[in-house]
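Visitor: Before we begin, could you take me through this model and say what each description rests on?

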Amino acid sequence: MFLNRLEIQKFRNLQPATVEYSPHRNYIFGDNAQGKTNLIEAIYLLCLARSFRTRDEIDLVPFSQEYYLIEGEFLDERISHHVGITYDVTHGKQIKIDGKRLTQFSRLIGLFPIIVLSADDYEITSGPPAQRRRFFNVLLSQSSSRYLDDLKQYDQVLKQRNAILAGAAENSTLDVWDEQLVQSGARLMVSRSVMVDELNGYLADFYSAMTSKRWTFRIAYHPSVKFQHREHVADHLQAALKRAASVERRQGKTVVGPHRDEFLFYISDNELRKFGSRGEHKSALVSLKAAEAQVLYKRTENRPILLLDDLYAELDNQRSLQALGLFDRASQIFITGTSLDYAGMLNAGSLGDQTTFMVENGKINRV
Ligand code: ATP
Ligand code: MG
């Protein structure tokens, strides 16, 4: 699956354009603040119905305009799919797939698997636990609609339950919610644990390939309720809820469960969040995204589209040279860089058979 054509009518600072992309590598260069990340963001939006930079749809509307509107054509070996997304304040967001209005936006998730690497991802390795949970939620939702359903159910039940604990809703139904919380919560935790193992199967090799040193890079899953065997997670969660009853009443909220999970990242036994240099964070993120791509491909039999925003920023020569090699050549990749990166790559003669674009003041030009 790849994005064959992107039609921008109105989106951030981008000028209206219809652009065809290579099914393999697409380089997008330009000076700062020209619209490179905006372009990447538009592609991400088409695949996941939301931005990776903002939760406010209005931010995506060009300044002093009323709406945004983008469309894309995705191609598989045999089939093409057409996705259109628009937003304005009065009607909200509307999504069409092949001409049909989508009522549940989450139905889009998983159809066009996508992975982004962007400056915002530093939050995954250096930010609070919620950022890491979000990373795993997006990845797992794209690889399994069951996970997405469980996540939606869990969030809903959690909200109800917290309302009861906070005294805002009738108490008599707490038991009913508990059962649902435990069942969906346990499945989320098992999925996360399996996913961490799967990613770890790639991380050390990828990280070592980038740094040419035998580092170990791994993720440790620290669920809010500890467990040894996956088949017993529900029992442990149930017991933990019972034990937490008085604390919950005092605090007025649910204090155990996957919404309190933590994932720790280690480079050779040192926690990345505490000790990592900027380049180490970036190298870890590149390895993480490459591993994510492998896992998504394996699980969905569909190569994810890769958006590598400012791939070369913060990396030294050695790591820059290795970075792209971690990603499957057969995938469609969008790589952005500054004009300086462009000059460097021209010098190195490494821009052979790729499609290259220049973005200038919101205008996308093929070179
Ligand atoms: P850098 O190399 O610094 O990352 P970039 O090319 O990725 O630059 P973008 O993040 O794509 O730059 O932003 C390009 C410009 O778009 C910025 O100047 C920004 O102010 C502008 N911009 C952002 N949102 C909107 C909007 N809603 N309407 C109009 N312009 C916008
Ligand atoms: Mg940018």
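Guide: Please keep in mind that this is a predicted model. A good place to begin is helix H6 (residues 233-243), whose buried residues are Val233, Leu237, Ala240 and Leu241.

Visitor: Why are these four residues of H6 said to be on the same side?

Guide: They cover an arc of only 100° around the axis, and the arc is taken from the directions in which the C-beta atoms point from that axis, so the buried residues are placed on the same side of H6.

Visitor: Which residues are exposed on the other side of H6, and what covers the buried ones?

Guide: Asp235, Lys242 and Arg243 are the exposed residues there, and exposed is the word used because their relative accessible area is over 50%. The cover over the buried residues includes helix H4 (145-165), helix H5 (174-211) and helix H7 (245-251).

Visitor: What makes the pairing of Lys36 with ligand 1 a polar contact?

Guide: An N or O atom in the Lys36 side chain lies 2.8 Å from an oxygen atom of ligand 1, and because the cut-off for such a pair is within 3.5 Å, the pair counts as a polar contact. A polar backbone atom of Gly35 is 2.9 Å from an oxygen atom of the ligand, while a nitrogen atom of ligand 1 is 2.8 Å from a backbone N or O atom of Val61. The protein covers 76% of the 650 Å² of accessible area that ligand 1 has on its own.

Visitor: How many residues surround ligand 1, and of which classes are they?

Guide: There are 16 residues around ligand 1, the closest being Ala33, Lys36, Thr37, Asp59 and Val61; by class, the shell has four nonpolar, six polar and six charged residues.

Conventions. Residues are numbered from 1 along each chain as its sequence is written. Chains are lettered from A and ligands numbered from 1 in the order in which they are written. This is a predicted model: local features need pLDDT of at least 70, side-chain atom pairs count only at pLDDT 80 or more; totals for chains, interfaces and linings use all residues. Side-chain values use heavy atoms; hydrogens and water are left out. Buried means under 20% relative accessible area, exposed over 50%, partly exposed in between (1.4 Å probe, protein chains only). Helices (H or I, at least four residues) and strands (E, at least two) are DSSP runs, numbered from the N terminus. Contact means heavy atoms within 4.5 Å. A residue is near a molecule or strand if one of its heavy atoms lies within 4 Å of it. A polar contact is a pair of N or O atoms within 3.5 Å; within protein, one must be able to donate a hydrogen and the other to accept it, and residues adjacent in sequence count only if both atoms are side-chain atoms. Accessible areas come from the Shrake-Rupley method with a 1.4 Å probe; for residues, only the protein chains shown count as cover. Ala, Val, Leu, Ile, Met, Phe, Trp, Tyr, Cys and Pro count as nonpolar, Asp, Glu, Lys and Arg as charged, and the others, Gly among them, as polar.
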